[in-house]
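Colleague: I should like to go through this model with you, one topic at a time. Please give the reasoning behind each answer.

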Amino acid sequence: MSNKGKNIKRETYLLNDEEDIERNVTVKGKKYNIDYDPITGKFKNPDDFKKYKKEIEDMEPEDSDRLTISDDGESAIIDTEPMAAESKKKRKINLSESDIINILKNNNQIVRKSDLIESIKNNLISEANMNDNVRRSFESGENDYNDILGQELTNQLAQEAFQEIADNIRRKTGKRNVSLNDVQSLLGNSLMAAAKEENRIGIENLERKAVDMIRKQFNIPVNAVEFDAKIVGLPPQMLVGRDMTPQQMEQLSRQAGVKVGKINREGLKMSKGEKEPPQGKTHEELKPAIKRRRLTNAMMHGAARKSQNLHHLDDQLREENPELGRNYANLMAANDANYFLIDDETIRREGESGIHAGNVKLDLSNPEKPKIIAQGMVFPILLHELSKGVVELMSLWGLSEDPEERKYVLDKTDNLASETNDIRLGTKIWEKFVAQIPVNNQEVISLTWNMLQELPDNEYNQIIEGLISGSGDAQNKVRRIAEEALEELQREASEDVFGGYDDSPEGEDEGDTLTPPEEGEEEDDELSRLIKGDEPEGEDEIDYERMSKRDLQIAIDDALDAGDMDLVRHLGSILNKK
């Protein structure tokens, strides 16, 4: 993941115009002085912009029309002459204060009004489009997924993923038209507010809570996996624009009221390596293994993104810190949007500067008890990294047993440059996989994923690519694997009920991931309900019980935004059962 701090240079491309102005007015020949503060980017006199906006809302550019910028660049005169009656045509434009300011800043010369209109068009990205460079890379096939999925499937995934993220960020900002500045402000403000509140309520408590949530989410027994989870805080570069020593960071933490620290990404590779194929193998022979690893990496990120909002399930956080939950949801939504609104080169530069939101690595030195070491700036990022670590642990079967082949494949796939598109596309690929699981139960999903990892490279790749393209054959194969997983779990649960892991010491069988039925619970009915995927009927007008996890998370976000904590608790209890 990548976070864009407020010190990062703002891009000129926008998701949408931040203030929608669409009128039909004929422009008379007038002059308007538009004074603005170049530091704050605001008009010195708000009435100037109101007058300008009122008069110039729909115009037909003429060669005689001029936009004259003053020598100091701090004011402009728009000089329009009366237009011939036959040329008075209606033209809609979207023109906001920020657009005008951008043009005034970037054009210190006399320009035709037609050039002004063209400049506005070039500096805006219309609704349902992403950053121009990112969009072009997907539409043209000039991206690192072209060899993995081909241009058509890659572009299809990118458009699907962006549409969902764009809809989410509109809900968070409350705007139909959202600019990159809006997203950056939402992320920066939410991140700082969350970090301050975490520092106040106690970092170590949140670290323990994150591990407990991930254990419960994935039904992991206490003695099966060891976790090392740390919330490191905000990087000093984000706060003061430079690196600092540990002593300086500690002092800044006390002064700023937030934890300050750096993600340890020792050994992180920035780009694809140049390692030669192992002896007796060629690159062409290892292409299926490379493709498999890229698809697996993407799905690991997708699965982790689904876990980053687990904070909704914690009663204490919801009840005592509702604003913290909103800040968490906002900053993660803004971070998702950044990956489509900021180009690859900017993301690469930020990664090389040392600003990272999180990291996870596996320690397999003890084969009996693997260790997941995760770090995150703040709580939901730590949840994301812990979840990614768990899914990666479940994915190890997919790597070659030959250590040299394994090193070669990882050299080509596991790097920061590749991670950017893995993150952009992974969520939709994971969703297409989970959609084939007949029950919404993490234990079944995890076992199905494990069984999928046992398939040979070519078969695995065909299935995942088929899921992306909507192939019925691929969907049926995953359903059959999921049914086998269900049958296996049913056999193992002959005396237990399928459900969440209970980590209480009493009555626990080491390595067992199933829990006994609650007192007074009908075992057969509960087991039957889970296997069939049925949910109990609710009394609400909206049947929240039948909602998917994604829809429930959206409903929780909306309830948080509305301040309806009773509904948040109700929805959280439903989501917690899924």
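Colleague: In which sense do strand E6 and strand E8 pair?

Modeller: In this predicted model, strand E6 covers residues 226-231 and strand E8 covers residues 371-376. Within this pairing, Phe227 has Ile372 of E8 as its bridge partner. The two strands are joined over 6 bridges, and their sense is parallel.

Colleague: Which residue in E8 stands opposite Asn359?

Modeller: Strand E7, residues 358-363, is joined to E8 by 6 bridges, and these two strands run antiparallel. The residue in E8 that stands opposite Asn359 is Gln375.

Colleague: Which helix gives the most to the largest nonpolar core?

Modeller: The largest nonpolar core has 101 residues, and those touching the most other members include Phe227, Phe379 and Trp449. With 10 residues, the helix that gives the most to this core is H13, residues 322-341.

Colleague: How many residues does the second, separate core have?

Modeller: Nonpolar side chains tend to be buried together in soluble globular proteins. Here the second core is separate, and Tyr544, Leu552, Ile556 and Leu571 are among its members. Its residues number 7.

Colleague: With which residues is Phe433 in contact, leaving aside its neighbours within four places in sequence?

Modeller: Phe433 is among the residues that touch the most other members of the largest nonpolar core. Leaving aside neighbours within four places in sequence, its contacts are Met299, Ile445, Thr448, Trp449, Leu452, Leu467 and Val478.

Colleague: Is Gln436 buried or exposed?

Modeller: Gln436 is placed in the loop between H17 and helix H18 (442-453). Not counting residues up to four places away in sequence, Gln436 touches Leu467, Gln475, Val478 and Arg479. Because its relative accessible area is 8% and the cut-off is under 20%, Gln436 counts as buried.

Colleague: How much space lies in the largest cavity?

Modeller: The structure holds 5 cavities of 30 Å³ or more. In the largest cavity, the space is about 130 Å³.

Colleague: Which element gives the most residues to the lining of the largest cavity?

Modeller: The lining has 13 residues, and those closest to the centre of the cavity are Arg305, Asp336, Ile423, Arg424 and Thr427. They divide into 5 nonpolar, 5 polar and 3 charged residues. Helix H11 (283-307), H13 and helix H17 (416-434) each give two or more residues to the lining. The element that gives the most, with 4 residues, is H13.

Notes:
Residues are numbered from 1 along each chain as its sequence is written. This is a predicted model: local features need pLDDT of at least 70, side-chain atom pairs count only at pLDDT 80 or more; totals for chains, interfaces and linings use all residues. Side-chain values use heavy atoms; hydrogens and water are left out. Two strands pair if DSSP finds at least two bridges between them. A nonpolar core is a set of buried Ala, Val, Leu, Ile, Met, Phe, Trp, Tyr and Cys residues joined through side-chain atoms within 4.5 Å. Buried means under 20% relative accessible area, exposed over 50%, partly exposed in between (1.4 Å probe, protein chains only). Contact means heavy atoms within 4.5 Å. On a 1 Å grid over the protein atoms alone, a cavity is a set of points where a 1.4 Å probe fits but cannot get out, and a pocket is an open set with protein on both sides within 12 Å along at least five of seven lines; lining residues have an atom within 4 Å of a point. Grid points are joined across faces, edges and corners, and a volume is the space filled by probe spheres set on the points. Ala, Val, Leu, Ile, Met, Phe, Trp, Tyr, Cys and Pro count as nonpolar, Asp, Glu, Lys and Arg as charged, and the others, Gly among them, as polar.
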